[in-house]
Each structure stands twice: as structure tokens, then as C-alpha cells.
Amino acid sequence: MSMNNKQRWMGGVVLLGGGVLLAALLLKGNEEIKQVEAQPSASTSPKTQTKPKQTTEGQMVQLQPLAVDVETEKRLLEEQRRAREKAVAEQEARAAEFLAMQQQAEADAARKAAAEYAAINARRTAAQESSDNIPPELVGEAKAKNQQTNTVNKTTDTSKIDADKKAAEAKRQAEADKKAAEAKRQAEADKKAAEAKRQAEADKKASDAKRKAEAEKKAEAEKKAEAEKARELLENGDKKWMVQVALAANQANADAVVSKLRAKGYKVTTSPTSKGIRIMVGPAKDRDTADAARKKITSDSSLNMKSAWVIDWVPLDQR
């Protein structure tokens, strides 16, 4: 875009903006005038309203407004007129001021554009005169030198762009490789952690199973040792008097009764028979001692074993 076209464009924009602002000011003034005219007049005030008067015959006579209300209405109308004139005058003054400012701005823009145009013409004239004074061979050398310089600059710029592009590509590749390596390390760490967790759970299960098996084995050994001890006492000692308290149908029932008696402090022995598992308390030194134990057991309501009796017990393999 040439300088003259730019100046014309700027001048048109300034004129258009001024016209829009002037129109807005005029519209605002008209609205203010309409608002002032729309205000209720003093004739509608309570003082100016006519009041009916009742005559002696009962008829209503309309009275005329007082003189003071008429004067007040005239004064209010005069004040409204002066206010409208003042508003119009202020609006016209603002419009004139804006128009003057717009004209001043246009004049300044025109002077500035003329000065710039004169400077451009002066530079063009000076450049033309300097080129006319240069010999043709120097002009050619200068052109060749400028062309060579432009070619070198262009090559340098191209090389720099390629180098920057390669550097950016290398940086992106390095970042991608770094992210891939980090992802791989994280995946390996997660895999190792999961494997360690599974191994720990398996070890814990194995340890629990081992402890349980050992506990069961120990309990079985203790039970067997107790049975052997009782058998040894019954078979080889003099203590053969026993108190038979129950005959259990299965081992579970026998264990329940044995636990109840042992909780009371009794020594209990079991012996399998063809009819069930015999549960006995003892042995005792003599029958009287065994009978005293029987009475104690049958009198204990918490045991509920009223059918206990004393026997002279002999192991099955010795009968």
C-alpha cells in the first residue's frame, strides 16, 4: 500500500469515527430532551387539582384552580424550557468541540503525510543522483558482489535451518529414547515387585502349612504318649480301678466329653470297644477311692454324667 493510499485510508477512518460519535451525541441530546418533556407538569400536583364544592341544594359545583397554582405551573414550565435549551446548547457545544478536534486531527495527519512524502521523494532523488554518478563497471561489480553476498547468506541460512532441524530431531529422538527406557525400567520394577509379592505369599502359605502340620503332629504325639502312659499304668501297676462315665458313639463325641472332664481336673482315659469308645476317669488306688470319684462326678450337674460306675478295668489284650 502506497503512502497516499494509507493517508486516504486513515483520513476516512477518522471521518467515519467522528460521524459516528457526533450522531451518538445528537441522539443522546434528543433522548434527554424527550425525558424532560415527559416529566409530569405541575398541573397534576395536589395543589392544582380542582375540588368539588357541594351547594345547599345538594348539587356539586366544580371550582376553578387557584391563581397561585397557575403561577407555579408557569414557573415550572419556564424552568423546563430553560433546562431543554441548556441541554441543547451543551450538546451543540460538545459537537462543535469534537468537530474542531476532528478537523485539527485531519490537518495534522495531512501535514505529517506531506512531510513523509517529501522526505521519501528527497531520498529517492538522492539515491537516483548517487547512482547516476557511479561508473557502469562499478555498478556491475556492486551488483555481482551483492548477488554473491545474497547467495552466501541464503546458503548460510539454509545450512543453519538444516542444522537446527537436525538438532531438534535429535533432541526429540533422545527424549523418546529416554521415555522408552524409563517405561522399560518401570515395567521391570513392577514385574519384580509382583514376583516378590507372589513369592512372599507362597512362602507364607508354606510356612503356615508347615506350622499347622507340626502342631497337629505334636498334638497327636502328645495324645499317643498320654494313652501309652495310661495303658502302662493300667497294665503294669496296681491302679486298675476306673470310673466309666460314658460310651461315645464316635471319636468326636468322645473328644468333647474328654475335654469337659479334663477342664474339671480329672485324668481321663479312652478305650475303643465294639460298641463305641469307652471314656474312663482314673485309675485309682482302690475301689473306695474310685467310688468317691464316681460320686463326685455324678453330683456335678455341669457334667451331666449320672450313670457313671466303678469297674475293675483290664486291657483287651490281657483278657
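# Reading helices, salt bridges and surfaces in a predicted chain

Tutor: Let's start with one residue: D255 has a relative accessibility of 32%, and that makes D255 partly exposed. Keep in mind as we go that this is a predicted model.

Student: Happy to. What does D255 form a salt bridge with?

Tutor: The partner is K223, and the closest N and O atoms of the two lie 3.9 Å apart. K223 sits in helix α3 and D255 in helix α4, so the pair links distant parts of the chain, 32 residues apart. The cut-off is useful here, since a salt bridge needs the nitrogen within 4 Å of the carboxyl oxygen. K223 is partly exposed too, at a relative accessible area of 44%.

Student: How many salt bridges does the structure hold?

Tutor: There are twelve. Some of them join residues of one helix, and a general idea helps with those. An α-helix has 3.6 residues a turn, so residues three or four places apart point the same way.

Student: Where are E195 and R198, and how many residues apart are they?

Tutor: Both belong to helix α3, residues 136-236, and they are separated by about one helical turn because they are three residues apart. Their salt bridge has its closest N and O atoms 2.5 Å apart. E195 is partly exposed at 43% relative accessible area, and R198 is partly exposed at 47%.

Student: And in helix α2, which residue meets R81 in a salt bridge?

Tutor: R81 meets E78, with a distance of 2.0 Å from N to O. Here again the spacing is three residues, about one helical turn, within helix α2 (residues 67-133). R81 is partly exposed at 33% relative accessibility, and E78 is partly exposed with a relative accessible area of 29%.

Student: Which residues are linked in a network of salt bridges?

Tutor: The network is made of E78, R81, R82 and E85.

Student: Let's go back to helix α4. How do I check the span of a helix, and what should the span be for α4?

Tutor: Count 1.5 Å a residue and compare the result with the distance between the end C-alpha atoms. For the 13 residues of α4, 251-263, the expected span is 18 Å; the end C-alpha atoms are 18 Å apart, so the two agree.

Student: Which residues of α4 are buried?

Tutor: A254, V257, V258 and L261 are. They lie on the same side of α4, because the arc they cover around the axis is only 100°. The exposed residues A252 and A263 are on the other side of the helix.

Student: What do the buried residues of α4 pack against?

Tutor: Three strands: β3 (241-248), β4 (268-272) and β5 (277-284). Strand β5 also contains P283, and the peptide bond leading from G282 to P283 is cis, with omega near 5°.

Student: While we're on the backbone, what is the phi of N304?

Tutor: It is near 55°, a positive value in a residue other than glycine. N304 belongs to the loop between α5 (287-299) and β6 (309-312). With a relative accessible area of 61%, N304 is exposed.

Student: Now the surface of helix α1. Which residues make the nonpolar patch of about 330 Å²?

Tutor: W9, M10 and V13 make that patch. W9 is placed in helix α1, residues 3-38, and is exposed at 57% relative accessible area.

Student: Is L27, in helix α1, buried or exposed?

Tutor: Exposed, because its relative accessibility is 54% and the cut-off for exposed is over 50%. L27 and Q91 are 64 residues apart along the chain, while their C-alpha atoms are separated by 9.9 Å.

Student: Last, the whole chain. How many helices and strands does the chain have?

Tutor: Five helices and six strands. Reading from the N terminus, the order is α-β-β-α-α-β-α-β-β-α-β.

Student: And how much of the chain counts as buried?

Tutor: Of its 319 residues, 16% do. The accessible surface of the chain is about 24600 Å², and carbon and sulfur atoms account for 56% of that surface. For contacts, take residues at least 6 apart in sequence: 65% of those contacts join residues at least 24 apart.

How values were computed
Residues are numbered from 1 along each chain as its sequence is written. This is a predicted model: local features need pLDDT of at least 70, side-chain atom pairs count only at pLDDT 80 or more; totals for chains, interfaces and linings use all residues. Side-chain values use heavy atoms; hydrogens and water are left out. Patches are made of residues with over 30% relative accessible area and no salt bridge: like charges are joined within 9 Å, nonpolar side chains (Val, Leu, Ile, Met, Phe, Trp, Tyr) within 5 Å. Accessible areas come from the Shrake-Rupley method with a 1.4 Å probe; for residues, only the protein chains shown count as cover. A salt bridge is a side-chain nitrogen of Lys or Arg within 4 Å of a carboxyl oxygen of Asp or Glu. Helices (H or I, at least four residues) and strands (E, at least two) are DSSP runs, numbered from the N terminus. Buried means under 20% relative accessible area, exposed over 50%, partly exposed in between (1.4 Å probe, protein chains only). The expected span of a helix is 1.5 Å times one less than its number of residues. The arc is that of the directions from the helix axis to the C-beta atoms. Contact means heavy atoms within 4.5 Å.
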